[in-house]
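User: I would like to learn how to read a model like this one step by step, beginning with the general idea behind each feature and then turning to the case at hand.

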Amino acid sequence: MRTVGYADGKISNITILTIVPSIVIAVGILTYPRTLASQTEGADGWITLLIGGAVCACSTFLIAKIASLFPGQSFYTYTSSMLTKPIAILLSMLFFLLTITIVSYETAFIANISHHYLFEKTPSEAINLAFLFVVLYAVCGERVAIFRTGFGIIVLTAVATIVLVITALPSADWNRMLPTFTTDFKSYLGELPNSILSYSGVFVLFFYMKLTRTPSKSVKSAVIGAIAVTGFYITVYLMCIAVLGNVSTANTVYPLVELANMVRSIGFLDRIESLYFVIWITTVFMTTVIAYDISVLIITDIFPKANKIFIAFCLLPFVYFISLLPTDYYQVSDLGMIIGYAAKCLTIITLVFLWIMYWGKGRKGKRGKS
Amino acid sequence: MRYLFFLFFVPLLLLLAGCWDSLEIENRAFVSGVAIDPVKDNGDKNLKMMTQVVIPNGLVSLPNNSSGGEKSFRNVSSIGKTIFEVKSSIEEKEDGDLDNSHIEIVIISDELVKSEYKISDIIDVFMRESRMNRDIILAVANGSSEELLNIDPENVKLPSQYITELIKSNYKLADLEPETAGDMQYFFIKNRGYYLPYLENTPSTTGIQLGGVAVFKGENGKMAGILKGDEITGLALTRPSFSETLIVDHNGQKASFTIPDGRTEIKLLNNDPENLHFQFDVFLTGELVEASEGLDFIKEENIENLKKQFRLEAEKVMSKTISKLQNDYGVDILEFHEFLFRKHPDIWKQVENNWDSGKNYFSDADVTLNIDVMIREPGNTN
């Protein structure tokens, strides 16, 4: 396969800004309004979304900051210099396992939801394979090309969502937002993990920060990206509540698809949810590509001489195999749950270790100098 | 090497044309309306369902086709224990695959929902199946619902389309919107009362009219009764915004008012859950459109008396509806429960489980009417 070489393979701040939404907005967007509405009353769910968003913005900041302190260094390089080589390999391997599971999960979810809405007889083996081939094609190319695609897709998603919100406005009933603040503290607390999980994926910045031209400035753009996702999630959630109402949102499997379903008769099109379907699938595609790319990147960081395309092809059978393991809707959502918790735990552990060592070493360094 | 490459990859291209789920549009049978009836001598609790399938060719009238064109629909019916079972057996009688994504209306016979079935069980499939849309309009028929899908409307080609438009335009006259299957989800899950359009057979050419609304009890999903004529007007006057027509008796003569943009607010006057006291603040801005008495209505003193009658009439129709709902049916479709839940969640928590069932706080609630009448214009003539 021939690839087009880009100038220097470095990425700009804007790109970092779009990577965050690209990875965070994934299949969760279709289901989170339900899990949120089922535990809160009225439109109160936005509070936990906001808290989740704040947590996400904080972790984005911490991840991007620590990575930017080692400009141009890969995750493997700076963790081994901070935490010794074995631990660096262990962490890299854990992240590697996580990312290939994410790829499999997203693929399985795509197969599941397209079964639900589009295909009845097509076996999921075929859907998974076709989807993964396209993902593989994207990963084999230049990394910068992935980011450019991601940029386009995020713009498309943003525009489509704005259009969706505007076209859904006539069917919105703002009374459905009431009553406010009636959810009790316990329910908020019980809901919070779900909200935080909706925002998982920012750990990719551990790996991508080495590619930026101006690492210190990229931190800010990454945080802006995280805030944009929060705004996006809250808007979509409030729209679901206003159009469908809390009860319907809580009792519909894919509230966002139903929301698009409500928007009817635009010109000659009677049902436009298939259009939105295309857009959501592309955002899921983007998440999958980035996760796949990270898993390849982890290997090439540890073995710099390895051929990227070779590794990408070698991973495919494993990813494909895992994606076929969950067979029904419940198993797919369980897998999503496991991945969410694993990603959060791993990110927090890595962050804690890195920052502790950084402060420790920083003091030592200062003492050594004086 | 190059030839090997071609030998391997060119046959792969053939796979590209494959598709497991391909279904040509000609093979789809689009369903536009569904009618559900009970089966006579019903020992096995069977349902009878009729689907109206569109024949696309019949929808297009060619200019030179003077014979009146082909039929644009066909009705296929079958019997089964569940709606889905009936659907499958209908499919056996059909040459195409039934496509349910464009159903406009589901009509259910009142005989079915008065006693035997919960309406939520019947229409569950219309919300659960993935290709269904939430915009399906539900209606209840007086007697057989099948007959309604066999009417011969003159202006549109499909009976189901005619019925849908009939319901929508009638609701629109009162500035309301009919409940769709998507809206019903709320009532079903929360066990709240609701009302659906009630269709009746008439001997007229189209053979159908919107006779009123059927009121359903939330706790058991059964039909409690119907509201007709004046009672509908009374119900409309309790909505947050409405447009209505009132006919006022004035010294034995009649006068008609239209209320193009009426408005009603609900208020709660006390906080005692045992004996709630609601008030409807109704703002009626009427326009006199017809008066059979030769009084000079451009003079203000003549209109004063009429205004009083106007208010009394509004009060009469509203209290009739409210008392019927509170005492006869015991179903809260006055949106008190919405109001309490949204604006007074604390009180709602206490009465929630016994609202229009069990202890029936709804029936015990006091309702006062505070009607504010204004006659904007007396019309063009005196």
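Analyst: Helices (H or I, at least four residues) and strands (E, at least two) are DSSP runs, numbered from the N terminus. By that reading, the secondary structure of chain A comes to 14 helices and two strands. This is a predicted model, in which local features need pLDDT of at least 70 and side-chain atom pairs count only at pLDDT 80 or more, while totals for chains, interfaces and linings use all residues. Residues are numbered from 1 along each chain as its sequence is written, and chains are lettered from A and ligands numbered from 1 in the order in which they are written.

User: Which elements of chain B have the lowest and the highest mean pLDDT?

Analyst: pLDDT is the predictor's confidence in each residue, from 0 to 100. Where pLDDT is low, the predicted coordinates should not be read in detail. Chain B has a mean pLDDT of 79, with 91% of its residues reaching 70 or more; among its elements, helix H2 (residues 56-59) has the lowest mean, 72, and strand E5 (residues 105-109) the highest, 87. The scores for the model are ipTM 0.72 and pTM 0.80.

User: What does the radius of gyration of chain A agree with?

Analyst: The radius of gyration is taken over C-alpha atoms, and the globule rule is 2.2 Å times the number of residues to the power 0.38. For 370 residues a compact globule would have a value near 21 Å, and chain A, at 21 Å, agrees with this. The C-alpha trace of chain A spans about 65 × 50 × 35 Å along its principal axes.

User: Is A:Glu273 buried or exposed?

Analyst: A residue is buried if 20 or more other C-beta atoms lie within 10 Å of its own, exposed if 12 or fewer, and partly exposed in between, with C-beta atoms placed from the backbone. A:Glu273, which lies in helix H12 (residues 273-302) of chain A, is buried because 21 other C-beta atoms lie within 10 Å. By contrast, B:Glu377, in strand E13 (residues 366-377) of chain B, is exposed, with 12 other C-beta atoms within 10 Å.

User: Where do the buried residues of helix H5 of chain B lie around the axis?

Analyst: An α-helix has 3.6 residues a turn, so residues three or four places apart point the same way. In helix H5 (residues 119-128) of chain B the buried residues are B:Ile119, B:Ile122, B:Ile123, B:Phe126 and B:Met127. They cover an arc of only 140 degrees around the axis, which puts them on the same side of H5(B); the arc is that of the directions from the helix axis to the C-beta atoms.

User: How many residues does each chain bring to the contact between them?

Analyst: Two residues are in contact if their C-beta atoms, placed from the backbone, lie within 7 Å. The contact takes 16 residues from chain B and 19 residues from chain A. On the side of chain B that touches chain A, helix H7 (181-190) and helix H10 (336-343) each supply at least two residues, and H7(B) gives the most, with five.

User: How are the domains of chain B arranged with respect to each other?

Analyst: Domain bounds come from an automatic or database domain assignment, which for chain B gives domain 1 (24-227) and domain 2 (229-382). Their centres, taken over C-alpha atoms, are separated by 32 Å, and 16 residues of domain 1 are in contact with 18 residues of domain 2.
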